[in-house]
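Dear colleague,

Please find the structure below, handed over for your further work. My findings follow directly after it.

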Amino acid sequence: MKTDLFNISNFKVDGGAMFGVVPKALWSRVYPADVNNLIVLTLNSIIAETDGHVVLVDTGWGDKQDEKFFRHVHLHDGEGLTEGLRKRGYKPEDITDVVLTHLHADHCGGCVKNSNDGGYELVFPNAEYHVSRAQWEWAVKNNLREADAFLEENILPLEQSGRLRLADEEGELFRDFSVRICYGHTQGLMIPVISYSGRKLVYTGDLIPTIAHIPLIWNMSYDIESLKTIEEKKSILQEALDNDYILVFQHDVHFECCTLTMTEKGIRAKDKFQFREIAS
Ligand SMILES: [Zn+2]
């Protein structure tokens with residue numbers, strides 16, 4: 001197993017939406033808001049080589065939508081998707097598998113680009129695209145609650161390409177690379193768990209997007225079922241604490257990874273560090 005993490009791009013999102021019922025006086029200490037109440041998040045993707053597969057986890061916003069769309073997203077900094085891969089020695093053609101934690105626009109938009117003939121084409125032409133069946137069925141049916149997050153142009157070309165692979169259950173997708181499936185953030189959120197150098201790395205995606213979201217009630221108002229998110233976080237955090245897993249964060253602007261410890265307030269981050277400190 002060879003693996004690395006890179007930030008595709010920073011973006012901005014409403015701080016209140018990101019922390020749900022938590023008062024701004026508390027969350028703004030960790031994520032200071034700008035004049036429009038926006039905070040900065042990262043879009044960290046994992047690249048992993050295992051057993052002949054070159055696996056990319058999540059692909060960021062992409063660049064298909066118009067200027068007005070991206071004015072709200074405020075993309076800045078980061079390495080870029082294909083540029084970040086290139087720096088690590090990978091061309092788009094080298095990617096054999098794209099694992100999508102879910103189909104919200106900031107996680108899967110980079111799979112599909114505009115083509116010269118006015119249609120769409122896949123950014124990774126040789127890859128299979130893995131999504132949980134629960135998420136796929138949820139995303140393609142009419143869903144008012146998440147309508148702004150599931151964009152047809154990000155999703156339908158995957159199916160039309162014939163390269164979509166739907167995961168029916170939790171378990172190993174590749175050697176040393178398995179997925180958990182959660183239902184609180186959205187139906188069928190896949191959480192990759194990677195065995196690496198004798199440790200397990202848990203890429204917590206939108207279940208625990210930043211270190212600040214480790215406390216059980218620090219959750220996004222985007223979650224479709226908050227109580228389920230709390231139960232799912234509780235269970236994964238306890239298992240991670242008991243087995244000394246490393247959590248890897250998709251959206252944390254301060255630290256990419258942490259280990260856990262039990263405190264009088266509950267499970268909290270212990271050591272916080274960047275992925276390069278453990279990468280091969
Ligand atoms: Zn999401």
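Phe 69 has a relative accessibility of 23% and therefore counts as partly exposed in this predicted model. Its ring forms an aromatic pair with that of Trp 61, with 5.9 Å from centre to centre and 75° between the planes, an edge-to-face arrangement. Trp 61 is at 13% relative accessibility, so this residue counts as buried. Both rings belong to one aromatic cluster, which is formed by Phe 11, Trp 61, Phe 69 and Phe 70.

The search of the whole structure finds 7 aromatic pairs. In another of these, Phe 19 and Trp 218 have ring centres 5.7 Å apart and planes at 80°, so this pair is edge-to-face. The two residues link distant parts of the chain: Phe 19 lies in helix H1 (residues 15-19) and Trp 218 in the loop between S14 and H8, 199 residues apart. Phe 19 is buried, because its relative accessibility is 0%. Trp 218 has a relative accessible area of 16% and is buried because the limit for that class is under 20%.

The metal site comes next. Which residues coordinate the zinc ion? The donors are His 102 through NE2, His 104 through ND1, His 185 through NE2 and Asp 206 through OD, at 2.1 to 2.2 Å. The 4 donor atoms subtend angles of 89 to 170° around the zinc ion, and the arrangement is therefore irregular. A tetrahedral assignment would require all angles to lie between 85 and 135 degrees, so the upper value of 170° rules it out. Along the sequence, the spacing of the donor residues is H-x1-H-x80-H-x20-D. Within this site, His 102 and Asp 206 link distant parts of the chain, 104 residues apart: His 102 is in the loop between strand S6 (97-99) and helix H5 (105-108), and Asp 206 is in the loop between S14 and H8. His 102 and Asp 206 are both buried.

Turning to the charged side chains, how many salt bridges does a search of the whole structure find? The search returns 14 salt bridges. As a general point, side chains of opposite charge can pair when their charged atoms come close.

One salt bridge joins the side chains of Glu 239 and Arg 180, at 2.7 Å from N to O. Glu 239 lies in helix H8 (residues 226-243) and Arg 180 in strand S12 (residues 177-182), so this pair ties together parts that are 59 residues apart in sequence. Glu 239 counts as partly exposed at 24% relative accessibility, and Arg 180 is partly exposed with a relative accessible area of 22%.

A further salt bridge is formed by Asp 244 and Arg 199, whose closest N and O atoms are 3.5 Å apart. This pair also links distant parts of the chain, with Asp 244 in the loop between H8 and strand S15 (246-248) and Arg 199 in strand S14 (residues 199-203), 45 residues apart. Asp 244 is partly exposed at 38% relative accessibility, and Arg 199 is partly exposed at 30%.

Salt bridges that share partners also join Asp 4, Glu 79, Lys 87 and Arg 88 into one network. Within that group, the side chains of Arg 88 and Glu 79 meet in a salt bridge of 2.8 Å, N to O. Arg 88 has 22% relative accessibility and counts as partly exposed; Glu 79, with a relative accessible area of 23%, is partly exposed.

The remaining findings concern strand pairing and helix packing. Strand S9 (128-132) is mostly covered, with 4 of its 5 residues buried. S9 pairs with S6 in the parallel sense over 3 bridges, and the bridge partner of Val 99 in S9 is His 130. S9 also pairs with S10 in the parallel sense, over 4 bridges; here Val 131 has Leu 166 in S10 as its bridge partner.

Helix H7 (residues 152-160) has Asn 154, Ile 155, Pro 157 and Leu 158 as its buried residues. These buried residues pack against several elements, including H5, S9, helix H6 (133-140) and strand S10 (164-167). After H7 comes Gly 162, whose phi is positive, near 75°.

With kind regards

Technical notes:
Residues numbered from 1 in each chain as written. Predicted model: local features only at pLDDT ≥ 70, side-chain atom pairs only at ≥ 80, totals over all residues. Heavy atoms only, no water. Salt bridge = Lys/Arg side-chain N within 4 Å of Asp/Glu carboxyl O. Buried < 20%, exposed > 50% of the residue type's maximum accessible area, 1.4 Å probe, protein only. Donors = N, O, S within 2.8 Å, 3.2 Å for Na, K, Ca; no water. Tetrahedral: all angles 85-135°; square planar, octahedral: opposite > 155°, others 65-115°. Contact = heavy atoms within 4.5 Å. Pairing = 2+ DSSP bridges. Phe/Tyr/Trp six-rings, centres within 6.5 Å; stacked < 30°, edge-to-face > 60°.
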